[in-house]
Amino acid sequence: MTLNLSGRIAVVTGASRGIGYFIAKELAAAGAHVIAVARTVGGLEELDDQIKAERAKTGKGEATLVPLDLADMAGIDRLGGAIHERWGKLDILVANAGVLGVISPIGHIEAKTFEKVMTINVTSTWRLIRSVDPLLRLSDAGRAILMSSGAAHSARAFWAPYAASKAAVEAMARSWAHETQSLALRVNAVDPGATRTAMRAQAAPGEDPETLPHPSEIAKRIVPLASPELKETGLIFQARHQRFVAYRQPE
């Protein structure tokens with residue numbers, strides 16, 4: 001079934017490249033008005049050009065570009081206010097932006113590196129949730145998609161900051177889903193799996209990128225989570241396997 005998001009308003013962070021870029025393109029192609037958030041203006045402008053070109057052919061999709069460093073917490077607050085003033089609601093949140101930090105023994109990680117990972121991956125995600133939660137509640141079918149990682153569970157050696165940050169994101173997603181389970185809002189985390197992105201190249205420089213799926217392929221699998229027809233909440237969507245899985249308690 002073709003996904004129809006006409007008339008729906010979506011925020012995508014980290015929209016200037018990688019998975020976020022292609023999620024934004026797919027949402028627009030389905031008819032959404034995408035509020036594309038990223039630090040890199042050039043990447044946002046390229047995205048806007050792509051969305052406009054597609055709109056010229058299909059009549060679907062628009063973008064509003066928001067150059068914003070997600071370390072700017074007051075800026076995140078202003079974003080929510082601006083969305084409320086212009087549209088009065090939000091239908092879709094894709095909290096995709098994140099940083100890797102370094103792959104290093106935990107005792108060797110510099111404080112400023114650890115703090116940056118936590119600021120961008122955790123604190124800004126919470127601040128974004130706080131900013132747009134009231135707007136998502138005003139939607140007839142609010143959808144929140146929080147990008148996580150298999151690292152949150154594998155906790156591989158040398159991945160401590162990133163793994164800890166994604167575990168925190170999943171904890172927030174679970175709690176938020178429990179708070180809103182009686183509402184129309186659905187909240188899920190996404191594990192995209194290893195993907196051909198700049199972050200993956202940084203993490204695994206010796207890996208052949210051609211062995212990994214392109215971010216456009218992964219984005220196509222994630223975007224259906226924005227559907228008003230979605231029933232699942234409080235779960236993890238494994239994009240590589242295209243399935244929802246439940247959290248498990250320690251055994």
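Here are two short exercises on this predicted model, each with a worked solution.

Some ground rules: residues count from 1 along each chain as its sequence is written. Local features need pLDDT of at least 70, side-chain atom pairs count only at pLDDT 80 or more, totals for chains, interfaces and linings use all residues, and side-chain values use heavy atoms, with hydrogens and water left out.

**Exercise 1.** Work out the strand order of the open sheet and find its edge strands.

*Solution.* Start with what counts: strands are DSSP runs of E with at least two residues, helices are runs of H or I with at least four, and both are numbered from the N terminus. Two strands pair if DSSP finds at least two bridges between them. Next, read off the order of the eight strands: β3-β2-β1-β4-β5-β6-β7-β8, with mixed pairing. Finally, look for strands that pair on one side only: these are β3 (62–67) and β8 (243–245).

**Exercise 2.** Find the salt-bridge partner of Arg 127, then say how buried or exposed each of the two is.

*Solution.* A salt bridge puts a side-chain nitrogen of Lys or Arg within 4 Å of a carboxyl oxygen of Asp or Glu. Arg 127 meets Asp 77 this way, at 2.7 Å from N to O. Now place them: Arg 127 sits in helix α4 and Asp 77 in helix α3, 50 residues apart. For exposure, buried means under 20% relative accessible area, exposed over 50%, and partly exposed in between (1.4 Å probe, protein chains only). With 18%, Arg 127 is buried, while Asp 77, with 29%, is partly exposed.
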